[in-house]
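This report describes the salt bridges, strand pairing and overall dimensions of one protein chain. Please consult the sequence and the structure shown below while reading.

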Amino acid sequence: MSINDDKVAALNLLEQQYDKPYLADFAKSITVYEDEDIWVVDKPAGLLSVDGKSLKVSLLSRLERVNPEVKLIHRLDMDTSGLIIFAKNKAAQSHISKQFIERMPQKQYQALVLGTLAVAGKKGEIDIPVRYEPTLKPRHITDPDWKKHALTHYEVLHHELRAGQAVTRVALYPITGRSHQLRVHMTHIGHVIIGDPIYADGLALSLSPRLCLHAHTLRLKHPVMNSWMQWQSEVPF
């Protein structure tokens, strides 16, 4: 085994040693809203949404050990924090999954990007396909010839200084949900998200110990009450 394999094995072993009360406390600490049908939580940065091929430490696996009926609907990147919704029965899972397919949920992310992003009216859009590039694993790239389009709307919130360097706080609204879409789109327009361990380097990587991307608000229809509900999570950076 390599050093990385050893670390993964140690993390997997440690995870299995956590008892149900510990995991219940963890779940409680990140719960934003819960009822008989849905469970909205605030995912910490650095935690997988679902188990990986080797690393068996994830938000879903932890919640399943608290409630075996919990069901996946969507995911956030391991490095991204913020709101994610799970279903607690198959009917709710089907209902909300259909909403995501039809692009009904309204999601706002916040990010800190390198440099001074200036755009007329403070709003813009990035409309270019994003795809996985196997030669650059795990990176994704923009590819205008790719068949699946990717669209992000964005809004400049304000400009800041981090360690004397200009950064811009932006609100990001993914219209489509491609993997790494927000990270790649911001890199594409020349403003990489600071602290990104995959796409940033040098100054952009050193300005933050974590990826500065957070799922800030989520709005969708409750699967049973059929009324719109909205949740918000405080941005931790």
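D77, D79, R183 and D196 are linked in a network of salt bridges, a salt bridge being a side-chain nitrogen of Lys or Arg within 4 Å of a carboxyl oxygen of Asp or Glu. The model is a predicted one, in which local features need pLDDT of at least 70 and side-chain atom pairs count only at pLDDT 80 or more, whereas totals for chains, interfaces and linings use all residues. Residues are numbered from 1 along each chain as its sequence is written, and side-chain values use heavy atoms, with hydrogens and water left out.

**Salt bridges**

The structure holds 8 salt bridges, including the three in the table.

| Pair | Closest N to O distance |
|---|---|
| R183 and D77 | 3.1 Å |
| E34 and K88 | 2.9 Å |
| R131 and D143 | 2.6 Å |

Helices (H or I, at least four residues) and strands (E, at least two) are DSSP runs numbered from the N terminus. The salt bridge between R183 and D77 links distant parts of the chain, with R183 in helix 5 (residues 181–188) and D77 in the loop between helix 3 (59–66) and strand 3, 106 residues apart. R183 counts as buried at 1% relative accessibility, while D77 is partly exposed at 22%. Here buried means under 20% relative accessible area, exposed over 50%, and partly exposed in between (1.4 Å probe, protein chains only).

The side chains of E34 and K88 also meet in a salt bridge. E34 lies in strand 1 and K88 in the loop between strand 3 (81–87) and helix 4 (90–101), so the pair ties together parts that are 54 residues apart in sequence. E34 is partly exposed, with a relative accessible area of 39%, and K88 is buried, with 16%.

In the third pair, R131 and D143 form a salt bridge that links strand 6 (residues 130–132) to the loop between strand 7 (140–142) and strand 8, 12 residues apart. Both residues of this pair, R131 and D143, are buried.

**The surroundings of D35**

D35 lies in the loop between strand 1 (31–34) and strand 2 (38–43). Which side chain of opposite charge is nearest to D35, a buried residue that has no salt bridge? That side chain is K88, 6.1 Å away; Lys and Arg count as positive and Asp and Glu as negative, while His and the chain ends are not counted. A polar contact of 2.7 Å joins the side chains of D35 and H222. Not counting residues up to four places away in sequence, D35 touches K88, H222 and M225.

**Strand pairing**

The protein chain has 6 helices and 11 strands. Strand 8 (residues 151–162) runs antiparallel to strand 5 (residues 123–127), and 5 bridges join them. Strand 8 also pairs with strand 9 (residues 165–174) in the antiparallel sense over 10 bridges; two strands pair if DSSP finds at least two bridges between them. H153 of strand 8 stands opposite E125, and H153 also stands opposite Y173 in strand 9. In the hairpin of strand 8 and strand 9, 2 residues lie between the strands, and A163 takes a positive phi near 50 degrees.

Strand 9 is further joined to strand 4 (residues 106–114) by 6 bridges, the two running antiparallel. The bridge partner of Q110 in strand 9 is A171. Of the 10 residues of strand 9, 7 are buried.

**Overall dimensions**

The C-alpha atoms fill a box of roughly 50 × 50 × 35 Å along the principal axes. Of the 237 residues, 47% count as buried.

Note on methods:
A polar contact is a pair of N or O atoms within 3.5 Å; within protein, one must be able to donate a hydrogen and the other to accept it, and residues adjacent in sequence count only if both atoms are side-chain atoms. Contact means heavy atoms within 4.5 Å.
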